[in-house]
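Trainee: I have not worked with this structure before, and I would like to go through it step by step. Could you take my questions in turn?

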Amino acid sequence: DSVAKLQDVLGVQEAHQDWTLLTAKVINPDPSGLQKLVTINKGSAEGIEVGMAVVDPNYLVGVVTEVDEHTARITLAIDATFAVGAQLLDSR
């Protein structure tokens with residue numbers, strides 16, 4: 001339901017007030033199906049930049065890998081080429 005989705009997004013914004021969130025719609029999945037890429041309906045005109053994280057209310061979804069004026073390509077975290085650096089807080 002749309003209201004529940006918006007409430008989830010607001011919950012993320014409240015939990016991470018230092019983040020600037022922008023909602024977007026997937027307008028095109030990867031046509032080849034070989035890579036896990038999607039295109040969203042937001043781009044540089046809306047402030048999207050290469051390297052930005054893409055999240056849903058619970059998970060890291062992917063990262064922005066290509067940007068045009070009003071669209072951006074997202075490499076999904078399930079893609080075999082996706083990698084992200086991390087450090088454990090307890091043991092470093």
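Mentor: What follows is a set of questions and answers on this predicted model.

Trainee: Which pattern of helices and strands does the chain follow along the sequence?

Mentor: It helps to begin with the inventory, which consists of one helix and five strands in the chain. When these elements are read along the sequence, they give the pattern α-β-β-β-β-β.

Trainee: In what order do the five strands lie in the sheet?

Mentor: The order can be built up from the pairings, beginning with S1 and S2, which run antiparallel and are joined by three bridges. S2 also pairs with S5 in the antiparallel sense, over four bridges, and S5 pairs with S4, again antiparallel, over five bridges. Strand S4 (residues 60–67) and strand S3 (residues 53–55) then pair in the antiparallel sense over three bridges. Put together, the five strands form an open, antiparallel sheet in the order S1-S2-S5-S4-S3.

Trainee: Which strands are the edge strands of that sheet?

Mentor: In the open sheet with the order S1-S2-S5-S4-S3, an edge strand can be recognised by the fact that it pairs on one side only. This applies to strand S1 (26–29) and to S3.

Trainee: By what angle are neighbouring strands of this sheet turned against each other on average?

Mentor: The five strands form an open sheet with antiparallel pairing, and the angle asked for here is taken with direction ignored. On average, neighbouring strands of this sheet are turned against each other by 35°.

Trainee: How many residues lie between S4 and S5 in their hairpin?

Mentor: There is a hairpin before this one to consider as well, in which S3 is joined to S4 through four residues. S4 and S5 also form a hairpin, and the number of residues between them is four.

Trainee: Which residue of S5 stands opposite Val63?

Mentor: Val63 is a residue of S4, and it is the bridge partner there of Ala53. Elsewhere along the pairing with S5, Gly62 stands opposite Leu76 and Val67 stands opposite Ala72. In S5, the residue that stands opposite Val63 is Thr75.

Trainee: Which residue in S5 is the bridge partner of Thr39?

Mentor: Thr39 can first be placed in S2, where it is the bridge partner of Asn28. Looking towards S5, Leu37 stands opposite Thr75, while the bridge partner of Thr39 in S5 is Arg73.

Trainee: Are the residues of strand S2 that point one way and the other buried or exposed?

Mentor: From strand S2 (residues 37–40), Leu37 and Thr39 point one way, whereas Val38 and Ile40 point the other way. Although the two pairs point in these two ways, the state given for all of them is buried.

Trainee: How many of the five residues of S5 are buried?

Mentor: For the chain as a whole, 17% of its 92 residues count as buried. Strand S5 is described as mostly covered, and the number of its five residues that are buried is four.

Trainee: Is Ile78 buried or exposed?

Mentor: Ile78 lies in the segment after S5, and its C-alpha atom is separated by 8.0 Å from that of Gly62, 16 residues apart along the chain. Because its relative accessible area is 65%, and the cut-off for this class is over 50%, Ile78 is exposed.

Trainee: Which residues make the nonpolar surface patch?

Mentor: One member, Val84, is found in the segment after strand S5 (72–76). Val84 counts as exposed because its relative accessibility is 58%. The patch covers about 300 Å², and the residues that make it are Leu21, Val55, Leu60 and Val84.

Trainee: What share of the area that the chain exposes is supplied by carbon and sulfur atoms?

Mentor: The chain exposes about 7,000 Å². Of this area, the share supplied by carbon and sulfur atoms is 54%.

Methods:
Residues are numbered from 1 along each chain as its sequence is written. This is a predicted model: local features need pLDDT of at least 70, side-chain atom pairs count only at pLDDT 80 or more; totals for chains, interfaces and linings use all residues. Side-chain values use heavy atoms; hydrogens and water are left out. Patches are made of residues with over 30% relative accessible area and no salt bridge: like charges are joined within 9 Å, nonpolar side chains (Val, Leu, Ile, Met, Phe, Trp, Tyr) within 5 Å. Accessible areas come from the Shrake-Rupley method with a 1.4 Å probe; for residues, only the protein chains shown count as cover. A salt bridge is a side-chain nitrogen of Lys or Arg within 4 Å of a carboxyl oxygen of Asp or Glu. Buried means under 20% relative accessible area, exposed over 50%, partly exposed in between (1.4 Å probe, protein chains only). Two strands pair if DSSP finds at least two bridges between them. Axes are lines fitted to C-alpha atoms, for helices over the stretch in contact, and angles run from 0 to 180 degrees between N-to-C directions.
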